[in-house]
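Let's walk through this model together, beginning with its ligand and moving outward to the metal and the backbone.

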Amino acid sequence: MVVPSATTPARQETVVAAAPPAAAASGVVGGGGGVTIATVDMSAERGAVARQVATACAAHGFFRCVGHGVPAAAPVAARLDAATAAFFAMAPAEKQRAGPASPLGYGCRSIGFNGDVGELEYLLLHANPAAVAHRARTIDAMDPSRFSEICLHISASEYCSGVMQRSISAIVNEYIEAMKKLACEILDLLGEGLGLKDPRYFSKLTTNADSDCLLRINHYPPSCNIHKLDHDDQCNIKSLVSTKASNGGNLMAGGRIGFGEHSDPQILSLLRANDVEGLQVFVPDHEGKEMWVQVPSDPSAIFVNVGDVLQALTNGRLISIRHRVIATACRPRLSTIYFASPPLHARISALPETITASSPRRYRSFTWAEYKTTMYSLRLSHSRLELFKIDDDDSDNASEGKA
Ligand SMILES: O=C(O)CCC(=O)C(=O)O
Ligand SMILES: [Fe+2]
């Protein structure tokens, strides 16, 4: 097993902006340095969509998905946005009743268990109705009229009055259902595009009754107000992290780290955000030189990224993209990410059709539970999949598929 010595690879800090979505032509958004971000229109002809999804996941592990049926204006998305914006507008002590993130629940600034911090607060929920109901109990128990009041105060959303009639857990669950369906559709298209023997192999892993899917809702406060916000008070975590970061620290690439560099560990992530930019992806330009690319905001799109498990299942044919959020805006960024994941007991092993003489087995097999345990023991930026790589010395195992 190869153990990388450095947890965070040295990165050049050139950040280029991709062209705004309106400039997208023939399926790609052109960026600086010849970088392109693929756009896939789900309403196009199925065979073409399947090929585009497979090409985008193999090229960068990332694409902008449109025509997917869950735009920001759809009731299911608008209701969730209204409810979560109202939640984040509550007083710190009230929000903390849904925390601390362990790792599920309300978290503020602290990400994971190993000292990673970002200028954000979040709700991380298990995408299983019983777990959502359990976590949402404290939120649902709050005075409904007060909650709607906060909602109306911060946005003119017509969905505010309905927010508490439905309860947070009902709103979250209906959104999860929509994302589950979309993730399943994209994974089936991917299976078709890759020409898998069982094109539904990936989606079946994520729709199993025991699947470990998650929903994360991130709220990044306006970065230019961060001094005034007294984020330590917001988070009530003075004793856990250095206060240096809130005094203007945690700076990088012209902004503050909202969510540090990482790859998502799961199978597939579906990200929807408001019109505030911040997401950056690490992709190669046409000469193979990697750079950070600022993803133009697009509230009507869903950004799809390949996770580590999908990279392992396809023997590295699909790429688990590294990404981060750098906060520079004077308005809050609100993002919602659905992580399609396998069950804890699922064994992750490269599919036979992805192993060839020229591309032998790259990773030893592991269970999702084992991968999660490894992940929780490491910093956010760690290239965890490297720990499961098969050494050249183990090539006999690899070719015999014993790994
Ligand atoms: O909030 C975002 O836009 C991205 C956050 C992210 O990458 C994550 O939660 O895994
Ligand atoms: Fe992520």
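Start at Arg333, where a polar side-chain atom lies 2.6 Å from an oxygen atom of ligand 1; a polar contact here is a pair of N or O atoms within 3.5 Å, and within protein one must be able to donate a hydrogen and the other to accept it, with residues adjacent in sequence counting only if both atoms are side-chain atoms. Taken alone, ligand 1 exposes 290 Å², and the protein buries 98% of that (areas by the Shrake-Rupley method with a 1.4 Å probe; for residues, only the protein chains shown count as cover). Before going on, please note that this is a predicted model, in which local features need pLDDT of at least 70 and side-chain atom pairs count only at pLDDT 80 or more, while totals for chains, interfaces and linings use all residues. Residues are numbered from 1 along each chain as its sequence is written, chains are lettered from A and ligands numbered from 1 in the order in which they are written, and side-chain values use heavy atoms, with hydrogens and water left out.

Two histidines also reach ligand 1: a polar side-chain atom of His323 lies 3.0 Å from one of its oxygen atoms, and an N or O atom in the side chain of His262 is 3.1 Å from an oxygen atom of ligand 1. In total, 13 residues surround ligand 1, each with a heavy atom within 4 Å of it. Strands S7, S9, S14 and S15 each supply at least two residues of this shell, and S15 gives the most, with four (strands are DSSP runs of E, at least two residues, and helices runs of H or I, at least four, numbered from the N terminus).

The same histidines bring us to the iron ion, ligand 2. Its protein donors are His262 (NE2), Asp264 (OD) and His323 (NE2), at 2.1 to 2.2 Å; donors are N, O and S atoms within 2.8 Å of the metal (3.2 Å for Na, K and Ca), and water is not among the atoms, so sites may look incomplete. Asp264 lies in the loop between S9 and S10 and His323 in S14, so this pair ties together parts 59 residues apart in sequence.

Finally, look at the backbone. A cis peptide bond joins Ser102 and Pro103, with omega about 0°, and Pro103 is in the loop between helix H3 and strand S5. Arg109, in strand S5, has a positive phi of about 70° although it is not a glycine.
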